[in-house]
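Biologist: I should like to learn how to read the features of a model such as this one. May we take them one at a time, with the general idea before the particular case?

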Amino acid sequence: MKKIKLTLFIFIFLLNACSDKTDLQKIIYYQLPLPLLKEPLSTEYTQTGKTLWIKPVQLSDYLASSGLAYQTNGVRYVTAQHHLCASPLDQQLQQALLINLSHSLPDWFLSSQSINTDQWTLSVRVDAFQGRYDGSVIISGVWLIQHHDQMTKQPFYFELKQIDNGYDALVFTLAKGWKEAAKTMAAVIKNQSEK
């Protein structure tokens, strides 16, 4: 009888060990959806056009990890272990910023690299880019536009309601908020360049 119980125990143990637990721990990767360009970004540059160098986006330390960030209460933040960024978040934000600004600044030459000495420079630091326990998405930070000795520094804060539950909805809402941030930046850049 002891042999049967031992055999049954080993069988159940092995069956349990071999069961498909990978679905519970499957790693899922997310990429911010990028807006489609109406036209490809021009590679031509004229000396009369304005250029904008979009420097690499700086992130708060907790956003620099590969997991999506979530605020669980007023003081606690976690990063997901199985819901990860498909590419580094700072690169995704810079790429999305480049595309979003190209829609709002169609006459400008935008680049993620320094082009010339007469260029405008955009620096962005993101302090918050996460979902929150109350169903909101928070995006905040500060950006600086600079051209020669002219500088404008401006904080930004966006709080959007997540329309649906889950990480997919979180990422879509974050992308929407980042697009709004880009529109705000573009309006100030346009205004500053016309002075």
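**Reading a pocket, a cavity and their surroundings**

Modeller: Let us begin with the character of a pocket wall. By class, the residues lining the second largest pocket are four nonpolar, four polar and two charged. Please bear in mind throughout that this is a predicted model.

Biologist: What is the volume of the second largest pocket, and which residues line it?

Modeller: The volume of this pocket is about 160 Å³. Its lining consists of Tyr70, Arg132, Gly135, Gln162, Ile163, Asp164, Asn165, Gly166, Tyr167 and Leu170.

Biologist: Let us take one residue of that lining, Gln162. Where is Gln162 placed, and is it buried or exposed?

Modeller: Gln162 belongs to the loop between β9 and α3 (167-193). Burial is judged from relative accessible area, with the cut-off for buried at under 20%. Gln162 has a relative accessible area of 18%, and therefore counts as buried.

Biologist: Which residues is Gln162 in contact with, once its neighbours within four places in sequence are left aside?

Modeller: With those neighbours left aside, the contacts of Gln162 are Gly135, Val137, Ala169, Leu170 and Thr173. Within the loop region, the side chain of Gln162 also reaches the backbone oxygen of Asp164, at 3.0 Å. Asp164 is itself among the residues that line the pocket.

Biologist: Val137 appears among those contacts. Which residue stands opposite Val137 in β9?

Modeller: To read a strand pair, one looks at the direction of the strands, the number of bridges and the partners. Strand β8 (residues 136-147) and strand β9 (residues 150-161) run antiparallel and are joined by 12 bridges. The residue opposite Val137 is Leu160. There is also a general rule for the side chains: in a regular strand they alternate between the two faces of the sheet.

Biologist: How many residues lie between β8 and β9 in their hairpin, and what is the phi of His148?

Modeller: Two residues separate the strands of this hairpin, and His148 in the turn has a positive phi of about 55 degrees.

Biologist: Let us turn from pockets to cavities. How many cavities of 30 Å³ or more does a search of the whole structure find?

Modeller: The search finds one cavity of 30 Å³ or more. The largest cavity has a volume of about 120 Å³. It is lined by 15 residues, and those nearest its centre are Leu68, Cys85, Leu89, Phe129 and Leu174. Two or more lining residues come from each of β4 (67-71), α2 (89-104), β7 (120-132) and α3.

Biologist: How does the lining of the largest cavity divide by class?

Modeller: It divides into 11 nonpolar and four polar residues, with no charged residue. The lining of the second largest pocket, for its part, includes two charged residues.

Biologist: β4 contributes to the cavity lining. In which sense does β4 pair with β5?

Modeller: β4 and β5 pair in the antiparallel sense, over four bridges. Gln71 stands opposite Tyr77 in β5, and five residues lie between the two strands of this hairpin. On the other hand, strand β5 (residues 77-85) pairs in the parallel sense with strand β1 (residues 28-30), over three bridges. In that pairing, Tyr29 has Leu84 as its bridge partner.

Biologist: Which residues does Ser87, in the loop between β5 and α2, touch beyond four places in sequence?

Modeller: Ser87 touches Gln31 and Gln92. With Gln31 there is a polar contact between the two side chains, at 3.2 Å. As for backbone positions, the C-alpha atoms of Ser87 and Ser66 are separated by 8.0 Å, although the two residues are 21 apart along the chain.

Biologist: Why does Leu110 count as buried, and which residues does it touch?

Modeller: Leu110 lies in strand β6 (residues 108-111). It counts as buried because its relative accessibility is 12%. Not counting residues up to four places away in sequence, Leu110 touches Leu52, Leu98, Leu101 and Ser102.

Biologist: To close, what pattern does the chain follow, and what share of its residues is buried?

Modeller: The chain has three helices and nine strands, in the pattern α-β-β-β-β-β-α-β-β-β-β-α along the sequence. Of its 195 residues, 39% are buried. Among contacts with a separation of 6 or more, 68% join residues 24 or more positions apart.

Note on methods:
Residues numbered from 1 in each chain as written. Predicted model: local features only at pLDDT ≥ 70, side-chain atom pairs only at ≥ 80, totals over all residues. Heavy atoms only, no water. Pairing = 2+ DSSP bridges. Buried < 20%, exposed > 50% of the residue type's maximum accessible area, 1.4 Å probe, protein only. Polar contact = N/O pair within 3.5 Å; in protein donor to acceptor, adjacent residues only side chain to side chain. Contact = heavy atoms within 4.5 Å. 1 Å grid on protein atoms, 1.4 Å probe; cavity = no way out; pocket = protein on both sides within 12 Å on 5 of 7 lines; lining within 4 Å. Points joined across faces, edges and corners; volume = space filled by probe spheres on them. Nonpolar A, V, L, I, M, F, W, Y, C, P; charged D, E, K, R; others polar.
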